Amino acid sequence: MSSRMGSKIRSLISIIRLAGLAVAALGMWGFATIAEDVLGKQSYAFDTSILLYLRSLHTPLRDRVMLGFTFLGEPNLLLVICLILGIVLLARNHRSESATIALAGGGAIGLNLLLKKLFARARPQLWERVVDVRFYSFPSGHAMISMVIYGLLGYFLGTRFPKQRWWIYSLTVVLIAAIGLSRLYLGVHWPTDVIAGYTAGLVWLITCILSLEIWKELRSLTTASKEEFLSPDPSLEMTND
């Protein structure tokens, strides 16, 4: 194995250890802490106080704005975005990215449904809501799935346009935060639902990004090895001369 390949592998291991495992572990710890409080009903006072404060901020204009943001986080809409983006990437021969977006979207939706059934937390009933919601509350599907899909989309765009990377990342964070806030404003989720959705979504997002980068790195190493193996040996050419 060449020194260049060894350096790439060491760099890859460093990324996995420092970025992936640390942030994923922190996210899982945060989710477990919130879940423990939810199961013990220790977060009720905290959740209620925030929702009642947001209720005092309601105006017709803000209602329309928040309904718009909550629409952008609808799981069905995000599933359509996944499908369209996956087809576009596949048509442009970006098979790894296409597979990643499909895995990210399907995994996020499936995991969220599983967690909702596992915790079976009822939604808030603090006032009459303007949106119709069903199923359980914890963790927030809008927060979790938007974190994964919009986060991955922001990552793809940031990679494609490196000069505008931080603008793209900033706008992505604002959009994801606004979607979570809209769920609280509309009274369909407890704050801990949204926080837990973000933490679980962040762990899954990091897992998908790292798996994509590992696959691309291993594929480039395999390609480099094949090229090195098939290339003529310069010493043999000199001997023949």
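Read along the sequence, the predicted model follows the pattern α-α-α-α-α-α-α-α-α. In other words, the protein has nine helices and zero strands. Of its 241 residues, 40% count as buried. The accessible surface comes to about 14,400 Å², and carbon and sulfur atoms account for 67% of that surface. Contacts between residues at least 6 apart in sequence were also examined, and 78% of these join residues at least 24 apart.

A good place to begin a closer look is helix 1, which covers residues 3-39 and includes Ala35. Ala35 has a relative accessible area of 7%, so this residue is buried. Asp193 stands 158 residues away from Ala35 in sequence, yet the two C-alpha atoms are 9.1 Å apart in space. Leaving aside residues up to four places away in sequence, Ala35 touches Phe119 and Phe138.

These two contact partners of Ala35 lead on to the aromatic rings. The structure holds five aromatic pairs. One of them is formed by Phe119 and Phe138, whose rings meet edge-to-face, with 4.8 Å from centre to centre and 70° between the planes. Phe119 belongs to helix 5 (residues 95-119), whereas Phe138 sits in the loop between helix 5 and helix 6 (141-160), so the pair ties together parts that are 19 residues apart in sequence. Both partners are covered: Phe119 counts as buried at 16% relative accessibility, and Phe138 is buried with a relative accessible area of 0%.

Another aromatic pair brings together Tyr155 and Phe156. Their ring centres are 6.1 Å apart and their planes lie at 50°, so this pair is classed as tilted. Here too the two residues fall under the 20% limit for burial, with Tyr155 at 18% relative accessibility and Phe156 at 13%.

Helix 7 (residues 165-185) offers a further buried position. Thr172 lies in this helix and has a relative accessible area of 14%, which places Thr172 among the buried residues. Apart from residues up to four places away in sequence, Thr172 touches Tyr150, Gly151 and Gly154.

The cysteines were considered next. A disulfide is a covalent bond between the sulfur atoms of two cysteines. A search of the whole structure finds zero disulfides. For Cys82, the closest cysteine sulfur is that of Cys208, at 9.7 Å, and this is too far for a bond because a disulfide requires the two sulfur atoms to be within 2.5 Å. The view from the other side matches: Cys208 is in no disulfide, and its nearest cysteine sulfur is that of Cys82, 9.7 Å away. Both cysteines nevertheless count as buried, Cys82 at 8% relative accessibility and Cys208 at 2%.

The last feature to visit is on the outside of the protein. Tyr44, Leu52 and Leu126 form a nonpolar patch on the surface, and together these residues have about 280 Å² of accessible area. Of the patch members, Tyr44 is found in helix 2, which spans residues 44-55.

Key:
Residues are numbered from 1 along each chain as its sequence is written. This is a predicted model: local features need pLDDT of at least 70, side-chain atom pairs count only at pLDDT 80 or more; totals for chains, interfaces and linings use all residues. Side-chain values use heavy atoms; hydrogens and water are left out. Buried means under 20% relative accessible area, exposed over 50%, partly exposed in between (1.4 Å probe, protein chains only). Patches are made of residues with over 30% relative accessible area and no salt bridge: like charges are joined within 9 Å, nonpolar side chains (Val, Leu, Ile, Met, Phe, Trp, Tyr) within 5 Å. Accessible areas come from the Shrake-Rupley method with a 1.4 Å probe; for residues, only the protein chains shown count as cover. A salt bridge is a side-chain nitrogen of Lys or Arg within 4 Å of a carboxyl oxygen of Asp or Glu. Helices (H or I, at least four residues) and strands (E, at least two) are DSSP runs, numbered from the N terminus. Contact means heavy atoms within 4.5 Å. Rings of Phe, Tyr and Trp (its six-membered ring) pair if their centres lie within 6.5 Å; planes under 30 degrees apart count as stacked, over 60 as edge-to-face and the rest as tilted.
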